[in-house]
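Student: Could we go through this structure together? I should like to begin with the helices and then turn to the empty spaces and some single residues.

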Amino acid sequence: MHEVDIAVVGAGPAGLFAAYYAGFRGLSVAVVDALPEPGGQITAMYPEKLIHDVAGFPAIKGRDLVANLVAQAAPFAPRYLLGTRAEKLSYADGRPVLGLAGGEQLHCGAVVITGGLGSFTPRPLPVAERFVGTGIIYFVPQPADLTGQDVLIVGGGDSAFDWASTLQPLARSVTLVHRREKFRAHAATVARVHALPVRVVVNAEVTRLHGGGAVTGAEITVRGGAAELLPVDTVVAALGFTADLGPLAEWGLRLDRRHLVVDSTMATNLPRVFAAGDITEYQGKVRLIATGFGEAATAVNNAAVVLDPAAHLFPGHSSDGT
């Protein structure tokens, strides 16, 4: 059993900023996310892409933004419960209790849900089932881990091409396979990869993987042609993710389609449960990372008053007294 002042459900940008702000207010915090790395959609789908709409940064890579947010919260020692889903919500003595996958319970003074688009589940590569974790990955937390490897990337979206351009200087070889001739990725990203020594194979699929305990090779078959065997150490299955609210949909939260309805304090219809970021809905909602930061601070400040009615809603600026 864990006990914290605030449990943040979702480790995307809004969740990481909520963790910082809770620490700034002197509150203990735990961050729960089903993904094994912080960053949410950014880490899962476009860590190497430049983001241009975060205030104060003319442009910043997704990976760097996540790293900065983690570093910003670090002095307050938030507890990260990653690779863990928040399955159930109940109450004990009027305070929320999160039931986590695996049976653990997280007792909290308040909950701030920052789940973005909901839970991410990678679309599987059908031939890869027996190799997951031993040569099949769905995103690349540490590109340097693939240094010197023969890498096969499957997909035609921004993630696939981002990984190709990122890994090309590190890997022994990079091959990108897509089952269509046209790509979903931005044209500029596609052109950049075509200019690199990356082999791009279209109208093709991975039809078989070779190896014992780990992947050693892959057969790719171009439509209407014979299979070709490639040496492969790692397959990056960049086939996209499906997102849904998962267990959150069963908590009794007021929903507007796949979003949580909140008021101006970022409170949901459930006691001591707030929300911030892309998962929220209210009149005039704009889904931007920058918007989520402000909503996270609003949610934490209002949660702090719920925890201690004598506390000030606005604690002052972080620069006060320095």
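Tutor: One term is needed at the outset: contact means heavy atoms within 4.5 Å. Please also keep in mind that this is a predicted model.

Student: Understood. How many of the 10 residues of helix α4 are buried?

Tutor: Nine of them are buried, so helix α4, residues 158–167, is largely enclosed by the rest of the structure. The buried residues are S159, A160, F161, D162, W163, A164, S165, T166 and L167.

Student: And what covers the buried residues of α4?

Tutor: The cover includes three helices and three strands: α2 (41–45), α3 (62–73) and α5 (187–194), together with β11 (150–154), β12 (173–177) and β17 (234–237).

Student: Let us take α5 from that list. At what angle do α4 and α5 pack?

Tutor: The angle is about 35°, and the axes lie 9 Å apart. The crossing of α4 past α5 is left-handed.

Student: Which residues meet there?

Tutor: From α4 there are D158, F161, D162, A164 and S165, and these meet T189, V190, R192 and V193 of α5. Sorted by class, this contact has four nonpolar, two polar and three charged residues.

Student: Is there a general reason for the spacing of residues along one face of a helix, and what is it?

Tutor: An α-helix has 3.6 residues a turn, so residues three or four places apart point the same way.

Student: What about α1 and α6, how do they cross?

Tutor: Helix α1 (residues 13–24) and helix α6 (residues 289–307) cross at roughly 35°, and their axes come within 8 Å. This crossing is right-handed. On the α1 side the contact is made by P13, A14, F17, A18, Y21 and A22, which meet I289, G292, F293, A296, A297, V300 and N301 in α6.

Student: What is the make-up of that contact by class?

Tutor: The contact of α1 with α6 has 11 nonpolar and two polar residues, and no charged ones.

Student: Now the empty spaces. How many cavities of 30 Å³ or more does the structure hold?

Tutor: The structure holds one. The volume of the largest cavity is about 50 Å³.

Student: Which residues line the largest cavity?

Tutor: The lining consists of A44, M45, Y138, S159, W163, A237, A238, L239, G240 and F241. Helices α2 and α4 each supply at least two of the lining residues. By class, eight are nonpolar, two are polar and none is charged. S159 and W163 also appear among the buried residues of α4.

Student: And the second largest pocket, how much space lies in it?

Tutor: The second largest pocket holds about 340 Å³. Its lining has 17 residues, of which L125, V154, R179, E205 and L239 are the closest to the centre. Strand β14 (residues 204–210) gives the largest share of this lining, three residues. The classes here are nine nonpolar, three polar and five charged.

Student: Some single residues, then. Is Q168 buried or exposed?

Tutor: Q168 is buried, since its relative accessible area is 19% and the cut-off for buried is under 20%. Q168 sits in the loop between α4 and β12. Apart from residues up to four places away in sequence, Q168 touches V174, L196, P197 and V198.

Student: And E281, where is it and what does it contact?

Tutor: E281 belongs to strand β22 (residues 280–281), and at 15% relative accessibility E281 counts as buried. With neighbours within four places in sequence left aside, E281 is in contact with D256, H259, L260, V261, V262 and R287.

Student: Which residue that is not a glycine has a positive phi of about 55°?

Tutor: That is R257, in the loop between β19 (255–256) and β20 (259–261). R257 counts as exposed, at 68% relative accessibility. M266, also not a glycine, has a positive phi of about 70°. M266 is placed in the loop between β20 and β21 (273–275) and counts as buried, at 6% relative accessibility.

Student: Lastly, what does D233 contact?

Tutor: Leaving out neighbours within four places in sequence, D233 is in contact with G135, Q149, D150, R172 and V215. D233 lies in the loop between β16 (227–231) and β17, and at 34% relative accessibility D233 counts as partly exposed.

Key:
Residues are numbered from 1 along each chain as its sequence is written. This is a predicted model: local features need pLDDT of at least 70, side-chain atom pairs count only at pLDDT 80 or more; totals for chains, interfaces and linings use all residues. Side-chain values use heavy atoms; hydrogens and water are left out. Buried means under 20% relative accessible area, exposed over 50%, partly exposed in between (1.4 Å probe, protein chains only). Helices (H or I, at least four residues) and strands (E, at least two) are DSSP runs, numbered from the N terminus. On a 1 Å grid over the protein atoms alone, a cavity is a set of points where a 1.4 Å probe fits but cannot get out, and a pocket is an open set with protein on both sides within 12 Å along at least five of seven lines; lining residues have an atom within 4 Å of a point. Grid points are joined across faces, edges and corners, and a volume is the space filled by probe spheres set on the points. Ala, Val, Leu, Ile, Met, Phe, Trp, Tyr, Cys and Pro count as nonpolar, Asp, Glu, Lys and Arg as charged, and the others, Gly among them, as polar. Axes are lines fitted to C-alpha atoms, for helices over the stretch in contact, and angles run from 0 to 180 degrees between N-to-C directions. A crossing is left-handed if the near helix is turned anticlockwise from the far one by less than a right angle, and right-handed if clockwise.
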